[in-house]
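Colleague: Got a minute to walk me through this one? I'd like the sheet, then the side-chain contacts.

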Amino acid sequence: GSGLWDAGGVGTPWAVPLPDGTIRLYYVGASESANKDPTVIDRASIINRIGLAIGHMDDLLRWTRWNA
């Protein structure tokens, strides 16, 4: 795996436009399964977290992941 905390998947996006033209995109991310066998998903080992990406109204194709 990539080692990223949301490498197992992302979803449930919520975009919040701000007065300065930036957009905060909140989303739910899931870690990868701890099981090394790709045919078996160990749901008990998957951790869900809330992520944040920052974008701008002028360029909706570029987003920067917020690393707190």
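Modeller: Sure, here is a chat about the strands, the contacts and the surface.

Colleague: What should I know about the model and the numbering first?

Modeller: This is a predicted model, where local features need pLDDT of at least 70, side-chain atom pairs count only at pLDDT 80 or more, and totals for chains, interfaces and linings use all residues. Residues are numbered from 1 along each chain as its sequence is written, and side-chain values use heavy atoms, with hydrogens and water left out.

Colleague: OK, what's the strand order in the sheet?

Modeller: The order is E1-E2-E3-E4, an open sheet of four strands with antiparallel pairing. E1 and E4 stand at the edges with a single partner strand each, so one side of each has no neighbour in the sheet. On average, neighbouring strands are turned by 30 degrees against each other, direction ignored; axes here are lines fitted to C-alpha atoms, for helices over the stretch in contact, and angles run from 0 to 180 degrees between N-to-C directions.

Colleague: And what counts as a strand or a pair?

Modeller: Strands (E, at least two residues) and helices (H or I, at least four) are DSSP runs, numbered from the N terminus. Two strands pair if DSSP finds at least two bridges between them.

Colleague: How many bridges join E3 to E4?

Modeller: Three, with the strands running antiparallel. One bridge has His56 partnered with Asp59 in E4, and the hairpin joining E3 to E4 goes through two residues. E2 (residues 22-30) and E1 (residues 9-17) pair over seven bridges, while E2 and E3 (residues 48-56) pair over nine. For landmarks, Val10 is bridged to Gly29 in E2, and Tyr26 to Leu52 in E3.

Colleague: Which residue takes a positive phi in the hairpin of E1 and E2?

Modeller: That's Gly21, near 95 degrees, in a hairpin with four residues between the strands.

Colleague: How many buried residues does E1 have?

Modeller: Zero of its nine, so E1 is hardly covered. Buried means under 20% relative accessible area, exposed is over 50% and partly exposed is in between (1.4 Å probe, protein chains only).

Colleague: Switching to side chains: which residues form the aromatic pair?

Modeller: Trp5 and Tyr27, stacked at 6.0 Å centre to centre with 15 degrees between the planes. Trp5 lies in the segment before E1 and Tyr27 in E2, so the pair ties together parts 22 residues apart in sequence. Tyr27 is buried at 10% relative accessibility, whereas Trp5 is partly exposed at 22%. Rings of Phe, Tyr and Trp (its six-membered ring) pair if their centres lie within 6.5 Å; planes under 30 degrees apart are stacked, over 60 edge-to-face, and the rest tilted.

Colleague: How many salt bridges are there?

Modeller: Two in the whole structure, each a Lys or Arg side-chain nitrogen within 4 Å of an Asp or Glu carboxyl oxygen. Asp6 pairs with Arg65, the closest N and O atoms being 2.8 Å apart, and that links the segment before E1 to strand E4, 59 residues apart. Asp59 and Arg62 meet at 3.1 Å, N to O.

Colleague: Is Asp6 buried or exposed?

Modeller: Buried, at 9% relative accessibility. Its partner Arg65 is partly exposed at 33%. In the other pair, Arg62 is exposed at 62% and Asp59 partly exposed at 27%.
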